[in-house]
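Hi everyone, thanks for making the time this morning. I'd like to walk you through one structure, so please have a look at the screen.

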Amino acid sequence: MKILAPTAGPVPAKHRADYTVNIAKRLGADLVALHVLTEETRLEDAKETLNIFSKAGQTAKVNVTTILKKTDLVPAIIECAEEESVDLIIMGASRSKVVAEWVSADVTGKAKIPVVVLPHEFKKL
């Protein structure tokens, strides 16, 4: 099994990486962490974001592959899911309710696999 975890940046990654990695571990899955570079994104932040997932995977002994793409957000998530043959997408909602709902709804509507959206705030396992 393989899970795709699109991540928005270092702050959300710090809040969700351990949780997402724990889900992968419990399911015996590999994890693909995806960060999409936008015009507002600094390359250093993108690398830090993916590194957070890598370290969480190392700690939990979960195989984590990191991918950095520079394209539009929703198509990047869908393309990565298909290219990596993932079975599940786990994404987090952001504080920006409008953006979170738009991205989540768009990915859920276009993905051919299940999509789980983690709430902005949640209790860690």
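Let me begin with a small detail: the side chains of T41 and T38 are joined by a polar contact of 2.8 Å. Please keep in mind that this is a predicted model, so everything I say is about the prediction.

Let's stay with T41 for a moment. You'll find T41 in the loop between strand 2 and helix 2. Is T41 buried, exposed or partly exposed? Its relative accessible area is 23%, so T41 is partly exposed. Leaving out residues up to four places away in sequence, T41 touches H35, V36 and A46. And here is a pair to look for on the screen: T41 and K70 are 29 residues apart in sequence, and their C-alpha atoms are 9.9 Å apart in space.

Now let's zoom out. The protein has four helices and five strands. Starting at the N terminus, the order of elements is β-α-β-α-β-α-β-α-β. There are 125 residues in the protein, and 43% of them count as buried. If we take the contacts with a separation of 6 or more, 78% of them come from residues 24 or more positions apart.

With that overview, let's go to the N-terminal part. Strand 1 covers residues 2-6, and four of its five residues are buried. Which strands does strand 1 pair with? One is strand 2, which runs parallel to strand 1 and is joined to it by five bridges. The other is strand 4, also parallel, with two bridges to strand 1. I3 is a handy marker here: I3 stands opposite L31 in strand 2, and I3 also stands opposite L88 in strand 4.

Next comes the link into the first helix. T7 sits in the loop between strand 1 and helix 1. Why do we call T7 buried? Its relative accessibility is 10%, and buried means under 20%, so T7 qualifies. Not counting residues up to four places away in sequence, the residues that T7 touches are A13, L34, H35, T49, L50 and F53.

So on to helix 1 itself, residues 10-27. How far apart should the ends of helix 1 be? With 18 residues at 1.5 Å a residue, the expected span is 26 Å, and the end C-alpha atoms are 25 Å apart, so the two agree. Do look at R16, though, where helix 1 bends by about 45°. R16 is also one of the buried residues of helix 1, a set that includes P10, A13, A17, Y19, T20, V21 and A24. What covers them? The cover includes strand 1, strand 2, helix 2, strand 4 and strand 5. Just past the end of helix 1, G28 has a positive phi of about 65°. Put the pieces together, and strand 1, helix 1 and strand 2 form a right-handed β-α-β unit.

Helix 2 is next, at residues 43-60. Helix 2 has 18 residues, and from first C-alpha to last it reaches 26 Å, close to the expected 26 Å. Its buried residues are A46, T49, L50, I52, F53, S54, A56, G57 and A60. A quick reminder as you look at that list: an α-helix has 3.6 residues a turn, so residues three or four places apart point the same way. What do the buried residues of helix 2 pack against? They pack against strand 1, helix 1, strand 2 and strand 3. We've already met some of these residues, since T7 touches T49, L50 and F53, and T41 touches A46.

Right after helix 2 comes K61, with a positive phi near 60°. K61 is not a glycine, which is the reason I point it out. K61 lies in the loop between helix 2 and strand 3, and at 76% relative accessibility it counts as exposed.

There is another spot of this kind further along. S85 follows helix 3 and has a positive phi of about 50°, although S85 is not a glycine. S85 is in the loop between helix 3 and strand 4. With a relative accessibility of 52%, S85 is exposed. In helix 3, by contrast, V74, A76, I77, I78, C80 and A81 are buried.

That's my tour. Thanks for listening, and I'm happy to go back to any part of it on the screen.

How values were computed: Residues numbered from 1 in each chain as written. Predicted model: local features only at pLDDT ≥ 70, side-chain atom pairs only at ≥ 80, totals over all residues. Heavy atoms only, no water. Expected span 1.5 Å × (residues − 1). Bend = angle between axes of the 7 residues up to and from the residue. Buried < 20%, exposed > 50% of the residue type's maximum accessible area, 1.4 Å probe, protein only. Contact = heavy atoms within 4.5 Å. Pairing = 2+ DSSP bridges. Right-handed = clockwise from strand over helix to strand, strands pointing away. Polar contact = N/O pair within 3.5 Å; in protein donor to acceptor, adjacent residues only side chain to side chain.
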